[in-house]
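Please examine the structure shown here. The paragraphs after it proceed from the overall fold to individual residues.

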Amino acid sequence: TKETEYKKARRRLKQRIRQVGADLIGAKKFIGSRAEKLTVSDMLDFLVKDLDIREKLSKQAISKMKPLREALGRYPAISVTDDVIRDYMNFRLKGPGKKPNHPMARTLVRIGRTRPIANATLNRELEYLRHAYNLKVKDFIYGPAIPRLEERVREGFYERADFEAIAAYLPEDLEDFARWGYFTGWRKGEIASLRWSELNMENRQLRLRGQFSKNGEQRTVPLVGDLWDIIQRRWKARRYKGENG
């Protein structure tokens with residue numbers, strides 16, 4: 001029990017015996033001292049290792065976990081209740097306020113997370129927390145209820161004529177960048193991550209590494225039509241430094 005007084009040690013022992021009894025009859029899972037010491041930050045560390053092993057760790061994932069670590073990181077994982085989750089959601093969706101009284105809100109102010117965020121952004125953050133608890137399901141019979149908010153469907157996509165009117169005013173390299181995004185639907189960060197080493201000229205295929213894709217999965221695109229034309233233009237315009245400078 002790590003108690004130095006007999007009465008306190010005996011009281012602690014009785015408490016443990018009741019917890020084990022509840023576990024034996026299926027009323028409540030017994031959580032040992034090791035699991036009790038786990039913090040939310042520890043849980044996220046386990047998640048980072050898991051993503052890294054599966055080659056799905058990205059800068060975006062680390063960034064999405066940062067506000068979780070700052071606001072909830074010191075909480076013992078078993079003490080994160082549904083109410084704690086809802087407080088976090090409220091402060092992220094509405095902002096912590098100008099004069100925050102809640103410790104979680106003050107933390108978000110300290111790290112500069114004062115602007116309200118969209119439902120979709122909050123969903124992405126909480127997905128990592130949900131995943132972290134799922135990884136430690138053997139230690140916790142269940143984690144807090146983490147609701148998923150409705151997300152607004154994206155609107156306002158450009159028609160081809162509108163896009164061409166804008167692209168005509170772009171420099172050639174930026175125009176090709178924009179065209180790639182228009183034809184593939186890839187995100188800016190995904191396109192910017194592409195390297196010549198991922199290009200297979202012979203088979204006319206280009207690979208996007210998993211750590212840079214939105215869902216963490218590797219993606220391969222066949223280079224046909226406009227995409228092949230873009231690659232040929234960028235290949236001719238590429239710059240490199242050889243042995244002779």
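Among the contacts in the protein with a separation of 6 or more, 57% are accounted for by residues 24 or more positions apart. The model in which these contacts are found is predicted. Its secondary structure comprises 11 helices and 3 strands, and along the sequence these elements follow the pattern α-α-α-α-α-α-α-α-α-α-β-β-β-α.

The protein has 245 residues, of which 30% are buried. The area that the protein exposes is about 17200 Å², and carbon and sulfur atoms supply 50% of this area.

Which residues make a nonpolar patch on the surface? Tyr-158, Ile-166 and Tyr-182 do so, and the patch has an area of about 300 Å². Of these residues, Ile-166 belongs to helix H8, which spans residues 160–167. Ile-166 counts as partly exposed because its relative accessibility is 42%, a value that falls between the limits of 20% for buried and 50% for exposed residues.

Helix H9, formed by residues 172–184, contains Arg-179. Is Arg-179 buried or exposed? With a relative accessibility of 13%, Arg-179 is classed as buried, because the buried class takes in residues under 20%. The side chain of Arg-179 has a polar partner: a polar contact at 2.7 Å joins it to the side chain of Glu-164. Glu-164 also appears among the residues that Arg-179 contacts when neighbours within four places in sequence are left aside. The other residues in that set are Arg-160, Phe-163, Ala-167, Ile-230 and Arg-233.

The next residue to consider is Ile-191, which is located in helix H10, residues 188–192. Ile-191 has a relative accessible area of 10% and is therefore buried, the cut-off for that class being 20%. Which residues does Ile-191 touch, if those up to four places away in sequence are not counted? They are Phe-177, Trp-180, Gly-181 and Trp-186. A further spatial relation links Ile-191 with Phe-212: the two residues are 21 residues apart along the chain, and their C-alpha atoms are separated by 9.0 Å.

Taken together, the residues examined here illustrate two settings. Arg-179 in helix H9 and Ile-191 in helix H10 are buried, at 13% and 10% respectively. Ile-166 in helix H8, by contrast, is partly exposed and contributes to the nonpolar surface patch with Tyr-158 and Tyr-182.

Notes:
Residues numbered from 1 in each chain as written. Predicted model: local features only at pLDDT ≥ 70, side-chain atom pairs only at ≥ 80, totals over all residues. Heavy atoms only, no water. Helix = DSSP H or I, 4+ residues; strand = E, 2+ residues; numbered from the N terminus. Buried < 20%, exposed > 50% of the residue type's maximum accessible area, 1.4 Å probe, protein only. Contact = heavy atoms within 4.5 Å. Patch = residues over 30% accessible without salt bridge, like charges linked within 9 Å, V, L, I, M, F, W, Y side chains within 5 Å. Areas by Shrake-Rupley, 256 points an atom, 1.4 Å probe, with all protein chains shown as cover. Salt bridge = Lys/Arg side-chain N within 4 Å of Asp/Glu carboxyl O. Polar contact = N/O pair within 3.5 Å; in protein donor to acceptor, adjacent residues only side chain to side chain.
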